[in-house]
Amino acid sequence: MNNRKEEKILVTGGAGFIGSHLVDTLIGEGHEVFIIDNLSTGQKQNINPQAKFFEMDIQDQQVEDLFKANAFDCVFHTAAQINLRKSVEDPIFDAKANILGGLNILENCKKYKVKKIIFSSTGGALYGDADIVPTPETYLAKPISPYGVAKLTIENYLHYYQQVFNLNYTILRYANVYGPRQNSLAEAGVVSIFITKILKGEQPVINGEGKQTRDYVFVADVVRANLAAMKNEPIGIYNVATEKQTDVNQIFQLVSSNFPDKKIEEKHGPAMLGEQKTSCLAITKIKNELGWQSETALADGIKLTVNWFKENYAK
Ligand SMILES: NC(=O)c1ccc[n+]([C@@H]2O[C@H](COP(=O)([O-])OP(=O)(O)OC[C@H]3O[C@@H](n4cnc5c(N)ncnc54)[C@H](O)[C@@H]3O)[C@@H](O)[C@H]2O)c1
């Protein structure tokens, strides 16, 4: 293992949910951390005061000035338009942020000789309703949303930049990440959506029968996977998940059980058209090659998340 210290690191999307936790950990390890974020879904209060923050879009020309002035050792590319439904409504907007923005980051990595890039990709949107569950990285990625197409496109570009320009990369395909700071406005974050509904005194609504399953991984575990990728420098694709399926009804029960003083009814609404039934990712590869596995049990992660929202909701 390569235990390099005090690197100069750029985190795109460092004001966001996953990016900001990553920044906190990198700073805790003594690294010099820079953030690019346009604050479209990210929040100023997430930004670690010890990080150097640049409010800009990853598509901007000014991104180059930052690369030019700072020889980054490593780039974590987490910035993205993350709303799958929005990508269907406006695929051009999605492609600008997620393909052209990503490409701008890669071009600068190449030009300014960054040693390594770690890309936040997705498992669920790439594998879809797979017939192999838990789904391994070798499963054919055939995305059926512009969001998934854009993630796969950047994965393909990474392979090209590595082969032709020697830019080392690790692709981390996350399952459904949850935890403190997750934006409850994002449709993916069912845990934070239910928590904020309950805190507001509103009724959480489960889509359809609530039998659709996902693989929920806690944000601190996702950060550890990013750190493992930085330290071990593997080139390739790794799922970051738990290999466990949980349905929305179970999430509702787990969240509700953290509000013993409230009587919360289990209410179901109409099913969402075309919603994926199952998503669960295999983690044999990351376990064997990076020694990573998720450490946070779902009930514990949800408790930590509820407590965070209880403390921070009023702010
Ligand atoms: N949360 C999940 O369950 C999940 C699952 C799979 C993959 N991912 C990926 O992980 C990454 C982080 O997601 P998150 O859940 O933390 O979402 P998030 O919305 O909290 O973080 C994304 C950040 O990127 C910033 N951003 C968006 N577009 C930008 C642009 N054009 N220029 C500069 N900054 C921009 C946002 O302001 C935000 O701070 C994303 O790439 C996402 O696709 C997340």
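Two strands pair if DSSP finds at least two bridges between them. Helices (H or I, at least four residues) and strands (E, at least two) are DSSP runs, numbered from the N terminus. Keep both rules in mind for this tour.

This is a predicted model: local features need pLDDT of at least 70, side-chain atom pairs count only at pLDDT 80 or more, and totals for chains, interfaces and linings use all residues. Residues are numbered from 1 along each chain as its sequence is written.

**Stop 1: the sheet**

Select strands 3, 2, 1, 4, 5, 6 and 11, in that order. They form an open sheet of seven strands with parallel pairing. Strand 3 (52-55) and strand 11 stand at the edges. Each has a single partner strand, so one side of each lacks a neighbour in the sheet. From one strand to the next, the twist averages 20°. In general, strands of a sheet pair through backbone hydrogen bonds, either parallel or antiparallel.

**Stop 2: strands 1 and 2**

Select residues 8-12, which are strand 1. Five bridges join strand 1 to strand 2, and the two run parallel. Pick threonine 12: opposite stands isoleucine 36 in strand 2.

Now add helix 4. This helix packs on the sheet and touches strand 1, strand 4 (74-77) and strand 5. Contact here means C-beta atoms, placed from the backbone, within 7 Å. The direction of helix 4 makes about 175° with that of strand 4. Axes are lines fitted to C-alpha atoms, for helices over the stretch in contact; angles run from 0 to 180 degrees between N-to-C directions.

**Stop 3: strand 6**

Select residues 168-174. Six of these seven residues are buried, so strand 6 is largely enclosed by the rest of the structure. (Buried means 20 or more other C-beta atoms within 10 Å of the residue's own, with C-beta atoms placed from the backbone.)

Look at both partners. Strand 5 pairs with strand 6 in the parallel sense over seven bridges. Here isoleucine 117 stands opposite tyrosine 169. Strand 11 (residues 236-240) pairs with strand 6 over five bridges, also parallel. Isoleucine 171 has isoleucine 237 as its bridge partner in strand 11.

Add helix 8 (residues 219-232). Helix 8 lies across strand 4, strand 5, strand 6 and strand 11, at about 160° to strand 6.

**Stop 4: the ligand**

Which residues are closest to the ligand? Select Gly13, Gly16, Phe17, Gly42 and Ala80. In total, 30 residues surround the ligand, counted where the C-beta atom, placed from the backbone, lies within 6 Å of it. Helix 1 gives the largest share of the shell, three residues.

Terms used
A residue is buried if 20 or more other C-beta atoms lie within 10 Å of its own, exposed if 12 or fewer, and partly exposed in between; C-beta atoms are placed from the backbone. Two residues are in contact if their C-beta atoms, placed from the backbone, lie within 7 Å.
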